[in-house]
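Q: Could you take a close look at one helix of this model and the places where it packs against its neighbours? I would like a connected account that sets the packing in the context of the chain and then follows a few individual residues.

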Amino acid sequence: MSKIDPSSPLSHELAIEILNKTLDHLNLPENSQKIDEARDNVGNEMLKMMQFIFPIVMQIQIEVIRDYGYPESREGIIKFTQMVRNLEREDAEVARLHGLVKAYYLPPVSAHTSNESGEEKTSSN
């Protein structure tokens, strides 16, 4: 595990390492149980997910990033998340892993079909 200077840019490799470690920690039995219990209570309601599941996931991620030299605070997680979001634009693996972390606290989004997106419907006459 590499300690970093949180003021320096985050490398793609380190972002992938941290995101993988976050996913590993999210899947630990004690953390899975907390998240599953919260999920059972909130269903797919986004507001409740953000209220009950998001803080659990963020606390786990704060504990992970602390091991890499980030401050164990709101500022530390904000800085890390901003750097990951910048890397997502350039690295599909960073985007995929960050998406997996976000899937813990965001409800699934259904894809719209072309008929649902406001396109004009045509009928065969």
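A: **Helix H1 and its surroundings**

The crossing of H1 and H4 is left-handed. The model in which it occurs is a predicted one, and every value below should be read with that in mind. The axes of H1 and H4 lie 11 Å apart, and the two helices pack at an angle of about 120 degrees. H1 is therefore oblique to H4, because an angle between 65 and 115 degrees would have counted as roughly perpendicular and one over 145 degrees as roughly antiparallel. On the H1 side the contact is made by His12, Ala15, Ile18 and Leu19, and on the H4 side by Phe80, Val84 and Leu87. Sorted by class, the residues of this contact comprise 6 nonpolar and 1 polar, with no charged residue among them.

The setting in the chain is helical: there are 5 helices and 0 strands, so that the order of elements, read from the N terminus, is α-α-α-α-α. The chain has 125 residues, of which 33% count as buried. Among the contacts with a separation of 6 or more, 66% are between residues 24 or more positions apart.

H1, which covers residues 12–26, also meets H3, which covers residues 46–66; their axes come within 9 Å and cross at roughly 130 degrees. H1 and H3 are therefore oblique to each other, and their crossing is right-handed. H1 contributes Ile18, Leu19, Lys21, Thr22, His25 and Leu26 to this contact, while H3 contributes Val57, Ile60, Gln61, Val64 and Ile65. By class, the contact of H1 with H3 holds 7 nonpolar, 3 polar and 1 charged residues. Ile18 and Leu19, listed here for the contact with H3, are also listed for H1 in the contact with H4.

H3 and H4, the two partners of H1 described so far, also meet one another. Their axes come within 10 Å and cross at roughly 85 degrees, which makes H3 roughly perpendicular to H4. In this contact Met58, Gln61, Ile62 and Ile65 of H3 meet Gly76, Ile77 and Phe80 of H4, and the residues divide into 5 nonpolar, 2 polar and no charged. Gln61 and Ile65, which H3 uses here, are likewise among the residues that H3 brings to H1, and Phe80 of H4 is likewise among those that H4 brings to H1.

Several individual residues add detail around these helices. Asparagine 31 sits in helix H2, which spans residues 29–42, and with a relative accessibility of 9% asparagine 31 counts as buried. Setting aside residues up to four places away in sequence, asparagine 31 touches His25, Leu26 and Ile60; His25 and Leu26 are named on the H1 side, and Ile60 on the H3 side, of the contact between H1 and H3.

Histidine 98 belongs to helix H5 and counts as buried at 5% relative accessibility. Residues up to four places away in sequence being left out, histidine 98 touches Leu19, Thr81, Val84, Arg85 and Glu88. Of these, Leu19 and Val84 also take part in the contact of H1 with H4.

Aspartate 91 lies in the loop between helix H4 (74–88) and helix H5 (92–102), and with a relative accessible area of 15% aspartate 91 is buried, because the limit for that term is under 20%. Neighbours within four places in sequence aside, aspartate 91 is in contact with His12 and Ile16. Aspartate 91 and histidine 12 are 79 residues apart in sequence, yet their C-alpha atoms are 7.3 Å apart in space. A polar atom of the aspartate 91 side chain lies 2.9 Å from the backbone nitrogen of glutamate 93.

Arginine 66, finally, lies in helix H3 and is partly exposed, its relative accessible area being 34%. From arginine 66 to isoleucine 77 the separation is 11 residues in sequence and 9.2 Å in space, C-alpha to C-alpha; Ile77 is one of the H4 residues that meet H3.

Technical notes
Residues are numbered from 1 along each chain as its sequence is written. This is a predicted model: local features need pLDDT of at least 70, side-chain atom pairs count only at pLDDT 80 or more; totals for chains, interfaces and linings use all residues. Side-chain values use heavy atoms; hydrogens and water are left out. Axes are lines fitted to C-alpha atoms, for helices over the stretch in contact, and angles run from 0 to 180 degrees between N-to-C directions. Helices (H or I, at least four residues) and strands (E, at least two) are DSSP runs, numbered from the N terminus. Angles under 35 degrees count as roughly parallel, over 145 as roughly antiparallel, 65 to 115 as roughly perpendicular and the rest as oblique. A crossing is left-handed if the near helix is turned anticlockwise from the far one by less than a right angle, and right-handed if clockwise. Contact means heavy atoms within 4.5 Å. Ala, Val, Leu, Ile, Met, Phe, Trp, Tyr, Cys and Pro count as nonpolar, Asp, Glu, Lys and Arg as charged, and the others, Gly among them, as polar. Buried means under 20% relative accessible area, exposed over 50%, partly exposed in between (1.4 Å probe, protein chains only). A polar contact is a pair of N or O atoms within 3.5 Å; within protein, one must be able to donate a hydrogen and the other to accept it, and residues adjacent in sequence count only if both atoms are side-chain atoms.
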